[in-house]
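Subject: The structure we talked about

Dear colleague,

I am passing on the structure below, and after it I set out what was found when the atoms were examined. Please keep the picture open while you read, so that you can look up each residue as it comes.

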Amino acid sequence: MILPWPLPHWGCIIGHSDGGIVALRLAAARVIQPEFVITAGAHWVLQENDPARQIYQTINLEKWRVMFGNQISVYNAENPEPDFGKLFTAATHMWLGCDEDAYPGASVKNIQCPLLVVHGDDDMLVSRQQGFELTEQVKGARLLNLPFAKHTLLEDMPERVFPFLQDFMKRITA
């Protein structure tokens, strides 16, 4: 099947952490044309001296298996040809990279759809400054910074986050 280029208008992309990086990449590259994008706990760049880099450097495949064994089981069950080792290697390469092959960087300025950047004030991986700077890079972007929220804010406190997401979506689609 031959797909039209660019791909037709999509509803939205909501991505957390690495999924948020992918959402930013897709919207910036204009590979698809979402109505809006919401990212939570996502880097758009990662400087050499960013404290998250030190955390990423300590993670290996065995440590990941211990911390997130259930997620790996789901991945293996849902993929016809699972290769978690290959996926982990690719993710690690992205986490530790410094170029545009790792993070979208300046290309986020190409995002033309509404963007909501969701950040938890106690996120140990993504700084408040990172969320603010991303918002400043994209024309019309909005920042939702939640006090006392961690990197896993969507899982930890959906009752606090989802009303803001719903409000953003209503305003965009109205």
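Before the first finding a definition is needed: a helix here is a DSSP run of H or I with at least four residues, and helices are numbered from the N terminus. Please also bear in mind throughout that this is a predicted model.

Salt bridges

Side chains of opposite charge can pair when their charged atoms come close. In this structure there are three salt bridges. In one of them Glu62 is joined to Arg65, with 3.5 Å between the closest N and O atoms. Both belong to helix H3 (residues 61–78), and because they are three residues apart there, about one helical turn separates them. Of these partners, Glu62 is exposed, at a relative accessible area of 52%, whereas Arg65 is partly exposed, at 35%.

A salt bridge also links Asp167 with Arg171, whose closest N and O atoms lie 2.8 Å apart. Here the two residues are four residues apart in helix H7 (residues 158–173), so that about one helical turn lies between them. Asp167 is partly exposed, with a relative accessible area of 34%, while Arg171 is exposed, with 62%.

The side chains of Asp121 and Arg128 form a salt bridge as well, with a distance of 2.7 Å from N to O. Asp121 is partly exposed, with a relative accessible area of 26%, and Arg128 is exposed, with 52%.

Two parallel strands and the helix between them

Strand S3 (residues 115–120) and strand S4 (residues 142–146) run parallel and are joined by five bridges. Within this pairing, Val117 of the one strand stands opposite Leu143 in S4. To get from S3 to S4 the chain passes through helix H5 (residues 128–137), and the β-α-β crossover made in this way is right-handed.

In the loop between S3 and H5 you will find Asp123. Which side chain of opposite charge is nearest to Asp123? It is that of Lys150, yet Lys150 is 11 Å away, and Asp123, although buried, has no salt bridge. A polar atom of the Asp123 side chain does, however, lie 3.0 Å from the backbone nitrogen of Val126.

Cysteines

A disulfide is a covalent bond between the sulfur atoms of two cysteines. How many disulfides does the count give? The count comes to zero. Cys113 can serve as an example, because its sulfur is 9.9 Å from the closest cysteine sulfur, which belongs to Cys12, and this is too far for a bond, given that a disulfide needs the two sulfur atoms to be within 2.5 Å. Cys113 is buried, with a relative accessible area of 10%, whereas Cys98 counts as partly exposed, at 46% relative accessibility.

A pair distant in sequence

Finally, please look at Asp18, which is placed in helix H1 (residues 18–29) and counts as partly exposed at 27% relative accessibility. Along the chain Asp18 and Tyr103 are 85 residues apart, and their C-alpha atoms are separated by 9.7 Å in the model.

With best wishes

Methods:
Residues are numbered from 1 along each chain as its sequence is written. This is a predicted model: local features need pLDDT of at least 70, side-chain atom pairs count only at pLDDT 80 or more; totals for chains, interfaces and linings use all residues. Side-chain values use heavy atoms; hydrogens and water are left out. Two strands pair if DSSP finds at least two bridges between them. A crossover is right-handed if, with the strands pointing away from the viewer, the path from the first strand over the helix to the second runs clockwise. Buried means under 20% relative accessible area, exposed over 50%, partly exposed in between (1.4 Å probe, protein chains only). Lys and Arg count as positive and Asp and Glu as negative; His and the chain ends are not counted. A salt bridge is a side-chain nitrogen of Lys or Arg within 4 Å of a carboxyl oxygen of Asp or Glu. A polar contact is a pair of N or O atoms within 3.5 Å; within protein, one must be able to donate a hydrogen and the other to accept it, and residues adjacent in sequence count only if both atoms are side-chain atoms.
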